[in-house]
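The following exercises introduce a structure through a series of tasks. Each task is followed by a worked solution that proceeds step by step.

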Amino acid sequence: MEGLDGCGKSTQLVKLADVLRARGFSVLVTREPGGTAIGEKIRRVLLDTATSNLSPMAELALMFASRAQHIAEVIHPALAESTIVLCDRFTDSTEAYQGGGRKLGSAPVRQLHRILCGDLQPDLTILMESEVAASVERARHRNKNRNGRGKTDENRFEQESRAFFGRVRTAYLAIAAREPQRVVVVNARGTAAETHARIVEVVRQRLKLAAKTA
Ligand code: TYD
């Protein structure tokens, strides 16, 4: 599941997992950066607003360090047991945020993905499509409420400019245009219930297709 900060990904992942479990599937919900003990430590460094002077290349390397561990420790074992893995962000996030947002380009991200992740590709990527302004505002509001003291508790990325998120959004849409068979763009501008219905329909179609070709 991919999209801008505050587009509602985490809520949608949980709701999708409930639907799939109710239909008898074994489902694992996980996230990046993070998903393992080591990955969560890396996540703290990456998202902490007190982390200063992290170079874009070091940021890129840490995203992949977290991911390589996640694949080895969690994703591969789950797939081996035929569990459906629902992951909150994967390499498309790196291509969009580090490649687009930080202007490192797609090529190094895709190359590192081949080297460090064995080019593991999701069967389906849902790109939740939303406006930059609305999403980032929602992420900030969420963190303010979570903090509870009226003080904002943004992560290091949420402090970035509109221009940064504009580049992230453009990079995401370029990935979707390049790989339309893997990436399905879902309108996430409506209510959570509307978005959920759209996502369930996309997944239902994909599972039907998978069952036919199995
Ligand atoms: P998170 O709080 O999980 O954001 P959200 O709930 O909005 O998804 O923070 C993850 C942040 O890390 C998010 O701002 C996007 C960023 N990120 C990257 O820049 N590159 C990556 O490869 C990944 C996985 C995340």
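**Exercise 1: The ligand and its contacts**

An oxygen atom of the ligand is 3.0 Å from an N or O atom in the side chain of Arg43. The model is predicted, so that local features need pLDDT of at least 70 and side-chain atom pairs count only at pLDDT 80 or more, while totals for chains, interfaces and linings use all residues. Residues are numbered from 1 along each chain as its sequence is written, and side-chain values use heavy atoms, with hydrogens and water left out.

Task: Determine which other side chains have a polar atom beside an oxygen or nitrogen atom of the ligand, and how much of the ligand the protein covers.

Solution.
Step 1. A polar contact is a pair of N or O atoms within 3.5 Å; within protein, one must be able to donate a hydrogen and the other to accept it, and residues adjacent in sequence count only if both atoms are side-chain atoms.
Step 2. For Lys9, a polar side-chain atom lies 2.5 Å from an oxygen atom of the ligand.
Step 3. For Gln98, an N or O atom of the side chain is 2.8 Å from a nitrogen atom of the ligand.
Step 4. On its own the ligand has 550 Å² of accessible area, and the protein covers 94% of this area. Accessible areas come from the Shrake-Rupley method with a 1.4 Å probe; for residues, only the protein chains shown count as cover.

**Exercise 2: The shell around the ligand**

Task: State how many residues surround the ligand, and identify which helix supplies the largest share.

Solution.
Step 1. A residue is counted as near the ligand if one of its heavy atoms lies within 4 Å of it. There are 17 such residues, and the closest are Asp5, Lys9, Arg89, Thr94 and Gln98.
Step 2. The shell divides into five nonpolar, five polar and seven charged residues. Here Ala, Val, Leu, Ile, Met, Phe, Trp, Tyr, Cys and Pro count as nonpolar, Asp, Glu, Lys and Arg as charged, and the others, Gly among them, as polar.
Step 3. At least two shell residues come from each of H2 (37–47), H3 (56–80) and H4 (91–101). Helices (H or I, at least four residues) and strands (E, at least two) are DSSP runs, numbered from the N terminus.
Step 4. H4 provides the largest share, four residues.

**Exercise 3: Helix H3 and its partner in H4**

Task: Compare the expected span of H3 with the distance between its end C-alpha atoms, and locate its bend.

Solution.
Step 1. The expected span of a helix is 1.5 Å times one less than its number of residues. The 25 residues of H3 should therefore span 36 Å, and the end C-alpha atoms are 34 Å apart, which agrees.
Step 2. H3 bends by about 50° at Ile71, the bend being the angle between axes fitted to the seven residues ending there and the seven starting there.
Step 3. The buried residues of H3 include Arg67, His70 and Ile71. Buried means under 20% relative accessible area, exposed over 50%, and partly exposed in between (1.4 Å probe, protein chains only).
Step 4. The side chain of Arg67 makes a polar contact of 2.8 Å with the side chain of Thr94. Thr94 lies in H4 and counts as buried because its relative accessibility is 1%.

**Exercise 4: Arg182 in its loop**

Task: Establish whether Arg182 is buried or exposed, and which side chains it contacts.

Solution.
Step 1. Arg182 belongs to the loop between helix H7 (162–178) and S5.
Step 2. Its relative accessible area is 7%, so Arg182 is buried.
Step 3. The side chain of Arg182 forms a polar contact of 2.8 Å with that of Asp92, and another of 2.9 Å with that of Glu179.

**Exercise 5: Backbone geometry**

Task: Find where a cis peptide bond occurs, and which residues have a positive phi although they are not glycine.

Solution.
Step 1. Most residues other than glycine have a negative phi, and most peptide bonds are trans.
Step 2. The cis bond joins Glu32 and Pro33, with omega about -10°. Pro33 is placed in the loop between strand S2 (27–31) and H2.
Step 3. Arg89 has a positive phi of about 80°. Arg89 sits in the loop between strand S3 (84–88) and H4, and its relative accessible area of 12% makes it buried.
Step 4. Lys103 has a positive phi of about 65°. Lys103 lies in the loop between H4 and helix H5 (106–117), and at 61% relative accessibility it counts as exposed.
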